[in-house]
Amino acid sequence: MPRESDARATAEAVARRSYGKLVAFLAGRTGDVAAAEDALSEAFAAALTDWPKGETPESPEAWLMTVARRRMIDAGRRRRTGETAAADLRLMAEEIEAAAESRSDIPDARLALMFACAHPSIDQGIRAPLILQCILGFDAATIASAFLMSPATMGQRLVRAKNKIRSAGIPFRVPERADLRERLDSVLEAIYAAFAEGWTDPAGTEFRRRNLAEEGIWLGRLVASLLPDEPEALGLLALMLHAEARRGARRNPQGDYVPLAEQDPAAWSVALIEEAEALLRRASGMGAIGRFQLEAAVQSAHVVRRRTGATDWSAIERLYDALATITGSPVVAINRAIAVAETRGPAAGLAVLDALADDARLAEYQPYWAARAGLLGRAGDLGAADAAYERAIGLESDPAIRRFLQLRRSQLINPA
């Protein structure tokens with residue numbers, strides 16, 4: 001008989017691997033994303049109760065699908081009455097049963113679900129968060145943190161978006177090329193947000209983030225393979241591969257954080273860098289420059305240090321200028337300020353940051369305060385730098401990065 005811990009570990013592994021796949025299968029046949037999520041949640045709860053009592057099923061994914069299907073049908077029966085409802089429920093059950101029995105594996109409809117979430121009827125600002133919740137099972141609080149929004153507001157907007165998918169009958173399919181461009185950007189943004197969440201936990205110690213970087217790359221490869229002529233899909237994959245190439249260099253043997261400028265380029269993955277560079281070259285030949293290509297180009301410019309020993313900050317500043325024009329993002333502006341400080345000095349970089357001071361979203365955004373602290377220290381304003389470091393340290397949840405910031409703060413007073 002499996003131990004409860006073993007059953008939980010199996011359920012967690014299936015959730016990480018197959019959550020979005022199961023939601024996509026269920027929701028694609030009913031049009032009800034929220035009902036699919038609720039049914040799957042009940043199925044996982046049942047697994048944690050039933051699996052420790054006996055053998056873990058040979059196919060946990062199929063077991064969960066069977067239970068979730070029954071939960072959805074039961075829930076639909078409770079909500080509806082009358083002959084029309086009964087016929088509707090029979091059709092729902094027959095469709096799901098037939099699709100499940102027609103093949104040994106559950107079909108992977110995640111890409112179709114992503115495009116449903118990115119439909120023009122869905123508010124643009126909620127499309128990427130909706131994809132993250134439906135495909136990866138993120139809770140509203142986690143998504144809110146990534147998108148600089150309160151959990152309550154995010155939760156309300158996610159509920160409204162799912163209701164819209166159901167009430168408007170939004171189809172679960174990859175759109176024709178004529179409609180593709182409008183929705184592709186939201187899909188790519190969601191994939192990158194998933195990757196970034198995993199990237200913030202390089203040691204893989206937090207379950208909710210474990211393997212998210214790998215899953216983001218997997219989704220990026222999927223979209224790039226299905227849409228090989230879309231330069232932004234290639235650019236996103238190149239960006240993620242460039243970042244992933246440096247994963248092993250982001251911590252030293254003691255587990256301490258190592259910033260990009262201090263990393264040993266010899267520790268970067270040559271294979272991933274070469275793949276990223278090839279993708280970026282392909283994308284650049286397609287004549288349509290976008291955000292992800294520019295961000296990948298920034299990473300490519302950092303790779304120059306691997307060959308020459310020096311970072312091409314002038315090129316990086318120009319790329320961030322272009323990115324700022326396209327996105328208007330305060331996060332891009334922070335990175336641009338760091339590049340400006342390298343090319344024109346810390347006072348010029350601080351001027352860029354000062355222009356962002358009224359943006360309320362940055363009040364609780366650690367990278368803004370960390371960048372400000374570093375530039376204030378370089379400019380000689382030690383008191384303001386100390387206060388900014390204190391703010392950044394208080395906002396940082398990663399112990400390794402917090403130790404790094406604390407070290408930098410102490411070096412203001414006792415420079416080596």
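Here are some notes on a buried glutamate, the nonpolar cores and one helix pair.

1. Before you start: this is a predicted model, where local features need pLDDT of at least 70, side-chain atom pairs count only at pLDDT 80 or more, and totals for chains, interfaces and linings use all residues. Residues are numbered from 1 along each chain as its sequence is written, and side-chain values use heavy atoms, with hydrogens and water left out.

2. Have a look at Glu 61, which sits in helix α3 (residues 60-79); helices here are DSSP runs of H or I, at least four residues, numbered from the N terminus. With a relative accessible area of 16%, Glu 61 is buried (under 20%, 1.4 Å probe, protein chains only). Leaving aside neighbours within four places in sequence, Glu 61 is in contact (heavy atoms within 4.5 Å) with Val 14, Ser 18, Lys 21, Leu 22 and Ile 106.

3. On to the cores. The largest nonpolar core (buried Ala, Val, Leu, Ile, Met, Phe, Trp, Tyr and Cys residues joined through side-chain atoms within 4.5 Å) has 100 residues, and Leu 113 and Val 223 touch the most other members. A second, separate core of 27 residues includes Tyr 389 and Leu 405.

4. Now the helix pair. Helix α12 (residues 270-284) packs against helix α13 (residues 291-308) at about 135°, with the axes 10 Å apart. That angle makes α12 oblique to α13 (not under 35 degrees, not over 145 and not 65 to 115). Among the residues that meet are Ile 273 and Leu 280 in α12, and Ala 297 and Val 303 in α13.

Conventions:
Helix = DSSP H or I, 4+ residues; strand = E, 2+ residues; numbered from the N terminus. Buried < 20%, exposed > 50% of the residue type's maximum accessible area, 1.4 Å probe, protein only. Axes fitted to C-alpha atoms, helices over the stretch in contact; angles between N-to-C directions.
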